[in-house]
Amino acid sequence: MHFSKSFIPILKNNPTEAKIKSHQLMLRIGMIKQSSAGIYSWLPLGFKVMKKIEQIVREEQDRVGVQEILMPTIQSSEIWKESGRYEDYGEEMLRIKDRQDREMLYGPTNEELVTEIFRSSIKSYKSLPQLLYHIQWKFRDELRPRFGIMRCREFYMKDAYSFDLTDDDAFFSYNKFFLSYLKTFKRLNLSAIPMAAETGPIGGNLSHEFIILADTGESKIYTDKRIFEVDSSSTILKKSSLNDLRNAYEKFYSVTDEKFNKEKFENSVPEEFRLQTKGIEVGHIFYFGDKYSKPMNATVDFNGKKEFVKMGSYGIGVSRLVGAIIEAKYNDNDGIMKWPISVSPFDCAIIPMISKNDTSNLDKSNKIFDYLKTKNIDAIIDDTDENISAKIKKFNLIGIPYQIIIGNKTEGNLLEFKEVDGETQKLNLDEIASQISKAKSNWFHN
Ligand code: 5CA
């Protein structure tokens, strides 16, 4: 890809309407464009990052045995009347009518629809557990959409649903998601902490939010710092191993502000480990038993009796994660962003110094590009006639983790190669390719 032909509309300055650094950067480097309040178009750079995040989320769902489906964005009001949430959901729900005057809605979440799908086909406890997920746009008519795609009205979410016979089985399902979320966020090079949370309009009484620490986050949290040391790397998909993991986390007091209890916090956390800060909610899991299966009559046969299935639901804010990664990785003091290689829009930027009548650096860049392509490395060449320092500054913002700079200092086979936030090294092309490939595969297998 040549920069001159790409659709990456860079702004000269930070847009004044954006209050937090992720929103500023996303507009500045042309990842998104607002189309109306809280509703955005995703331009190539933003879309690429979001699709890579989506793929990691998908792989980690598949890995714990969740099956992918795709439900529509538009739902009938009937099922929401069955569950009783049609009225309860209030003004956040976008209600529409079709030409037959039927009440429809743009789905804010899918508990009802997936329960309807489940009950029409699954009849026996022998088919349990059923774990289903989809990745689909949602709409919530938020009172105050803000911070760009962090709290918007139309957003992209992975939502999964579990169906089990007993509470005990359902906790096993819950814990599988608990583990898969930790793995997912790790592959995004994020440290997300599970915290006991309120359940709100989804319901139930067991719930965890997965929170990334950030000053600009909207969630207030109270936590024991020792929770950051919990290690999930040896946990396996067995009941007891997953229970141990949950216990390892729940040993430490860690809650969002709705659950905060000052006395409990101070009694259970020694002063030196207390942390009161803010974070971004990137995932949220819920257990709510028969809250939907009972009113919607979703049952299975068990020894001649009909039992209401026990359900949970599990969300990841796929589009919000794009902003959350920027909040975690962008240093707006020095103007350097560094995408984790696992989700970077390109693996490498080739930045040639180009003078008017001399195309030799551009020719060289094209050859490097072709070679990197044979190694499965996705590069972008800045073929514009900007000066080299403006180009480097621009790519520091765009955040592609590796840069190859082709300027006057290029000697023989040695190229100037640097990680966006690191020192310049002189390496030959083979060494560069293997360094990038190694970084990519490390993340893939994380
Ligand atoms: N049905 C449940 C679980 S699938 C559910 O909807 N949970 S949720 O309401 O907590 O949403 C799941 C995730 O979607 C949140 O953790 C958050 O990361 C993301 N999300 C929720 N609302 C918004 C919004 N207005 N803008 C961007 N992302 C959002």
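These exercises, each with a worked solution, work through a predicted model.

**Exercise 1. Classify three residues**

Task: Decide whether K81, T184 and S241 are buried, partly exposed or exposed.

Solution:
- Step 1. Recall the cut-offs. Buried means under 20% relative accessible area, exposed means over 50%, and partly exposed lies in between.
- Step 2. Take K81, in helix 3 (residues 77-83). Its relative accessibility is 40%, so K81 counts as partly exposed.
- Step 3. Take T184, in helix 6 (residues 167-187). Its relative accessible area is 0%, so T184 is buried.
- Step 4. Take S241, in helix 7 (residues 239-250). Its relative accessible area is 15%, so S241 is buried.

**Exercise 2. List their contacts**

Task: Which residues touch K81, T184 and S241, leaving aside neighbours within four places in sequence?

Solution:
- Step 1. K81 touches Y86 and E103.
- Step 2. T184 is in contact with I56, V57, E60 and I316.
- Step 3. S241 is in contact with S234, T235 and I236.
- Step 4. Now look at a pair far along the chain. K81 and I377 are 296 residues apart in sequence, and their C-alpha atoms are separated by 51 Å.

**Exercise 3. Read strand 16**

Task: Find out how strand 16 (residues 310-317) is covered, and which strands pair with it.

Solution:
- Step 1. Count the buried residues. Eight of the eight residues in strand 16 are buried.
- Step 2. Recall a rule. In a regular strand, side chains alternate between the two faces of the sheet.
- Step 3. Sort the residues by side. K310, G312, Y314 and I316 are on one side, and M311, S313, G315 and G317 are on the other. Both faces are covered.
- Step 4. Find a partner. Strand 8 (residues 154-164) runs antiparallel to strand 16, with eight bridges between them. Here Y161 stands opposite S313.
- Step 5. Find another partner. Strand 13 (residues 274-289) also pairs with strand 16 in the antiparallel sense, over six bridges. In this pairing, G289 has M311 as its bridge partner.

**Exercise 4. Map an open sheet**

Task: Which strands stand at the edges of the open five-stranded sheet, and which helices lie on the sheet's strands?

Solution:
- Step 1. Write the order: 20-19-21-22-23, with mixed pairing.
- Step 2. Pick the edges. Strand 20 (379-381) and strand 23 (424-427) each have a single partner strand, so one side of each lacks a neighbour in the sheet.
- Step 3. Note the twist. It averages 25° from one strand to the next.
- Step 4. Look at one pair. Strand 19 (residues 348-352) and strand 21 (residues 402-406) run parallel, joined by five bridges. I351 stands opposite I405 in strand 21.
- Step 5. Add helix 10 (residues 360-374). It packs on the sheet and touches strands 19, 20, 21 and 22. Its direction makes about 165° with that of strand 19.
- Step 6. Add helix 11 (residues 388-398). It lies across strands 19, 20 and 21, at about 170° to strand 19.

**Exercise 5. Describe the ligand site**

Task: How many residues surround the ligand, and how much of its area does the protein bury?

Solution:
- Step 1. Count the surroundings. There are 22 residues, and the closest are T109, E111, R140, E142 and E281.
- Step 2. Check the side chains. An N or O atom in the side chain of T109 is 2.7 Å from a nitrogen atom of the ligand. A polar side-chain atom of E111 lies 2.6 Å from a ligand nitrogen atom.
- Step 3. Check the backbone. A polar backbone atom of G317 is 3.4 Å from an oxygen atom of the ligand.
- Step 4. Finish with area. The ligand alone exposes 600 Å², and the protein buries 95% of that.

Key
Residues numbered from 1 in each chain as written. Predicted model: local features only at pLDDT ≥ 70, side-chain atom pairs only at ≥ 80, totals over all residues. Heavy atoms only, no water. Helix = DSSP H or I, 4+ residues; strand = E, 2+ residues; numbered from the N terminus. Buried < 20%, exposed > 50% of the residue type's maximum accessible area, 1.4 Å probe, protein only. Contact = heavy atoms within 4.5 Å. Pairing = 2+ DSSP bridges. Axes fitted to C-alpha atoms, helices over the stretch in contact; angles between N-to-C directions. Near = heavy atom within 4 Å. Polar contact = N/O pair within 3.5 Å; in protein donor to acceptor, adjacent residues only side chain to side chain. Areas by Shrake-Rupley, 256 points an atom, 1.4 Å probe, with all protein chains shown as cover.
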